[in-house]
Amino acid sequence: MNTHISDFTFHNPVKVVFGKQKIEQLGTHIPSDKKVLILYGGGSVKRFGTFDRVKDALKDRSIGEFGGIEANPTFETCMKAVEKIKAEDYNYLLAVGGGSVIDAAKFIAAAAEFNGDPIDIFGKGIGAGKPIESALPFGTILTLPATGSEMNSGSVISFKEKKSKVGFGSPKVYPQFSILEPELTYSLPKRQLANGVMDAFTHILEQYLTYPVGGMVQDEMAEGLLRILIKIGPDVTDERRLDYNLRANFMWTATMALNRLLSVGVPGDWSTHALGHELTALNGTDHARTLSALMPSVMTVRKLKKWDKLVQYAENVWGITEGTEEEKIDAAILKTIIFFKSIDMPVNLKEIGVTEADIDTLINQLEKHGNVSISERGDQTLDVSREIYLHALHTAY
Ligand code: NZQ
Ligand code: ZN
């Protein structure tokens, strides 16, 4: 356990291009000699005109396209893109979409250059977990503020056959640039807007709600970003409110939530994500909905472990100043639940179709993926994870 801010090197090489009409400048960000493969998802970018703008901006370039990347992108689909890259000699990728397309681009970029079987890019019971020596360069155009994938070097991939969802990370898979046009969020339905607010909120909590080491910069930034999401969340999730500044603040908050600025030098938790990925692998629940269904139970079951930070969260994020420490914590947990409900997110496992019979499967999968001693102190054993799942299943908030 650290008692002070630990040493760190911070280097985030992603060029962020933020604002209006930035797609039109694509040609200035991609070297002119590159053959570009445009990656996209289930078709929203075609329906809402983004794809045409991309093609227009690259009309003098050699380009191709690969669509059909699913939400929670699969290894199987990504490997089809790798085949196309090898057959047609692409040497640059452009991901146009949300976290799923961007995560897929990261894996595809690494797999296309990988010496050996790309399954070995993954550890965690899936492959050998070999280091990535090189990857194709790529840029992104973000259409859904949520994951922060546009400014980080992590990726989460699903395996249909293995019914697994696991991540990998490497400095080789930072995007070279990411275009953030807040107006691209105008076509998002309420459910995805709420997912985005929730995912960003949880990313901040996973890096903040641990134990104090005196990281004033990290703590104050985290608290500020949480307060922003609480303030704008209800308006952001009103899909009819096409307010530029509202969406711009949402987009930048989600990016800032997971670009390493909050996590350097301080402990991180990530247990809610580990438990959540197993829920998505189990029944396909949206990533963010697994997080909201678990977080109140994580806060409650792990209250003693997270005590000091929960008090700080109550005071600095929710402005709770009255009562004993425990009363402040309980009030903050309640306010958190009310906030999640206000943006129509589930707050227990029943709401996302989990039953008691699923718990053993979830625990077995956590074990298979090596998540046996997680959380900020590494003391969240499978027994504790089971307690959290059961709490989230049986507590009706
Ligand atoms: O597929 P299309 O047709 O494009 O539709 C998508 C998809 O159905 C739609 N959408 C995206 N932009 C839109 C839009 N619809 C209308 N207008 C737009 N502008 O939204 C749906 C969901 O998209 P998806 O990319 O799956 O969502 P999200 O950004 O939430 O990404 C989720 C994935 O990211 C991973 C998750 O596990 C999940 O697989 N994560 C990645 C992280 C990272 N790399 O750092 C961290 C996160 O914790 C997370 O694990
Ligand atoms: Zn997440």
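Let me begin with the zinc ion, ligand 2, whose protein donors are D199 through OD and H203, H273 and H287 through NE2, lying 2.0 to 2.2 Å from the ion. Donors here are N, O and S atoms within 2.8 Å of the metal, or 3.2 Å for Na, K and Ca; water is not among the atoms, so sites may look incomplete. H273 belongs to helix α9, residues 271-283, and H287 to helix α10, residues 287-301, so this pair ties together parts that are 14 residues apart in sequence. Along the chain, the donors follow the spacing D-x3-H-x69-H-x13-H.

I should state the basis of these values. This is a predicted model, in which local features need pLDDT of at least 70 and side-chain atom pairs count only at pLDDT 80 or more, while totals for chains, interfaces and linings use all residues. Residues are numbered from 1 along each chain as its sequence is written, chains are lettered from A and ligands numbered from 1 in the order in which they are written, and side-chain values use heavy atoms, with hydrogens and water left out.

Are the histidines H273 and H287 buried or exposed? Both are buried, that is, under 20% relative accessible area, where exposed is over 50% and partly exposed lies in between, with a 1.4 Å probe and protein chains only.

Helix α9 also holds E278, which counts as buried at 3% relative accessibility. Leaving aside residues up to four places away in sequence, E278 touches L362, Q365, L366, H369 and Y389, a contact being heavy atoms within 4.5 Å.

I turn next to helix α11, residues 307-316, which is mostly covered, with seven of its 10 residues buried. Among them are W307, K309, L310 and Y313. The buried residues of α11 pack against α6 (190-208), α7 (216-236), α10 and α12 (325-342).

Finally, the chain as a whole. Its secondary structure comes to 14 helices and eight strands; these are DSSP runs, H or I of at least four residues for helices and E of at least two for strands, numbered from the N terminus. The radius of gyration is 21 Å, close to the 21 Å that the globule rule gives for 397 residues, so the chain is as compact as a globular protein of that length. The radius is taken over C-alpha atoms, and the rule is 2.2 Å times the number of residues to the power 0.38. Buried residues make up 57% of the 397. Of the contacts with a separation of 6 or more, 79% join residues 24 or more positions apart.
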